[in-house]
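User: Could you take me through this model? I would like to begin with the surface and then move inward.

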Amino acid sequence: MAVGDRSPGGRTRSTVWSGTPSGCNTKAIVEANLGNKFSKEYEFDTLDVIHTKMLTHFEAGCCVPPEDCSFNYTSATIWIKPENGNYTDVDCNRWDNDPNTLCYGCQTCKAAFLQDVTSNYFMSGIILLCVAAPKFLFLACVTWYIYHVSSGRYTPLT
């Protein structure tokens with residue numbers, strides 16, 4: 001249930017950010033206490049229940065290890081790595097049960113961060129367009145009126 005698994009561009013976008021230090025988003029996530037909040041919210045849930053929940057991008061990418069890892073579920077934020085784990089996904093090796101670490105340095109967590117930022121900028125752009133368009137139309141009408149009517153260039157049909 002990693003972000004890259006749920007969104008077609010999640011993994012691709014995370015590779016764009018691979019050169020950026022992981023501390024860029026980790027500090028904000030740790031300060032937001034995401035791991036502890038996630039642990040408390042899903043404390044008594046089984047793995048099947050967690051898989052049926054609509055997790056946020058951050059929860060899925062930063063608080064739950066990728067499914068490819070096949071970790072043994074103990075609780076919402078405690079997963080046991082199999083002893084014979086030979087992982088092709090580097091995120092499996094980055095997972096840590098510490099609530100201040102979890103998978104914050106993982107590519108799936110970085111993808112969740114980028115997806116959140118991208119969707120927020122998109123929504124901000126839509127809102128800005130909805131607010132600015134009527135003002136622009138009003139200014140265009142006032143400008144047309146001032147230029148044509150008050151200068152005497154416009155004569156209404158009678």
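**Surface, cysteines and core**

Analyst: This is a predicted model. On its surface, F138, L139, V142, W144, Y145 and I146 form a nonpolar patch, and together they have about 630 Å² of accessible area.

User: Where does W144 sit?

Analyst: W144 is in helix α8, which covers residues 107-149.

User: And is W144 buried, partly exposed or exposed?

Analyst: W144 has a relative accessible area of 40%, so it counts as partly exposed.

User: Let me step back. How many helices and strands does the protein have?

Analyst: The protein has 8 helices and 2 strands. Read from the N terminus, the order of elements is α-α-α-α-α-α-β-β-α-α.

User: What share of the residues is buried?

Analyst: Of the 158 residues in the protein, 30% are buried. The protein exposes about 10100 Å², and carbon and sulfur atoms supply 62% of that area.

User: Among contacts between residues at least 6 apart in sequence, what percentage joins residues at least 24 apart?

Analyst: The figure is 59%.

User: Now the cysteines. How many disulfides are there?

Analyst: The structure holds 3 disulfides. With the bonded cysteines counted along the chain, their pattern is 1-6, 2-3, 4-5.

User: What can you say about the link of C62 and C109?

Analyst: The C62 and C109 link is right-handed, with 90° about the S-S bond. This disulfide joins distant parts of the chain, since C62 belongs to helix α6 (residues 57-63) and C109 to helix α8, 47 residues apart. The sulfur atoms of C62 and C109 are 1.9 Å apart, and both residues are buried.

User: How does the C69 and C92 pair look? Which hand does it have?

Analyst: The link of C69 and C92 is left-handed, with -95° about the S-S bond. C69 is in the loop between α6 and β1 (72-75), whereas C92 is in helix α7 (residues 90-94), so this disulfide ties together parts that are 23 residues apart in sequence. The sulfur atoms of C69 and C92 are 1.9 Å apart.

User: Are C69 and C92 buried or exposed?

Analyst: C69 is buried, because its relative accessibility is 2%. C92 is buried as well, with a relative accessible area of 1%.

User: What about C103 and C106?

Analyst: C103 and C106 form a disulfide with their sulfur atoms 1.6 Å apart. The link of C103 and C106 is left-handed, with -80° about the S-S bond, and both residues are buried.

User: Why is C63 not bonded to C62?

Analyst: The closest cysteine sulfur to that of C63 is in C62, but it is 6.1 Å away, which is too far for a bond. The cut-off for a disulfide is 2.5 Å between the sulfur atoms. C63 counts as buried, because its relative accessibility is 0%.

User: And C130, buried or exposed?

Analyst: C130 is exposed, with a relative accessible area of 55%.

User: Moving inward, how many residues does the largest nonpolar core have?

Analyst: The largest nonpolar core has 23 residues, and F38, L55 and F71 have the most contacts inside it. The elements that give two or more residues to this core are α4 (34-41), α6 and α8. Helix α6 gives the most, with 4 residues.

User: Which residues is F71 in contact with, leaving aside its neighbours within four places in sequence?

Analyst: F71 is in contact with P65, W79, I80, K81, P82, Y87, C92 and W95. One of these, C92, is the disulfide partner of C69.

User: Last topic, charges. How many salt bridges does a search of the whole structure find?

Analyst: The search finds 2 salt bridges. D45 pairs with K53, the closest N and O atoms being 3.8 Å apart. K53 counts as partly exposed, because its relative accessibility is 32%.

User: Which residue does D91 form a salt bridge with?

Analyst: D91 forms a salt bridge with R94, and the closest N and O atoms are 3.6 Å apart. Both D91 and R94 lie in helix α7, 3 residues apart, which is about one turn of the helix.

User: How do D91 and R94 count, buried or partly exposed?

Analyst: D91 is buried, with a relative accessible area of 0%, whereas R94 counts as partly exposed at 37% relative accessibility.

Methods
Residues are numbered from 1 along each chain as its sequence is written. This is a predicted model: local features need pLDDT of at least 70, side-chain atom pairs count only at pLDDT 80 or more; totals for chains, interfaces and linings use all residues. Side-chain values use heavy atoms; hydrogens and water are left out. Patches are made of residues with over 30% relative accessible area and no salt bridge: like charges are joined within 9 Å, nonpolar side chains (Val, Leu, Ile, Met, Phe, Trp, Tyr) within 5 Å. Accessible areas come from the Shrake-Rupley method with a 1.4 Å probe; for residues, only the protein chains shown count as cover. A salt bridge is a side-chain nitrogen of Lys or Arg within 4 Å of a carboxyl oxygen of Asp or Glu. Buried means under 20% relative accessible area, exposed over 50%, partly exposed in between (1.4 Å probe, protein chains only). Contact means heavy atoms within 4.5 Å. A nonpolar core is a set of buried Ala, Val, Leu, Ile, Met, Phe, Trp, Tyr and Cys residues joined through side-chain atoms within 4.5 Å.
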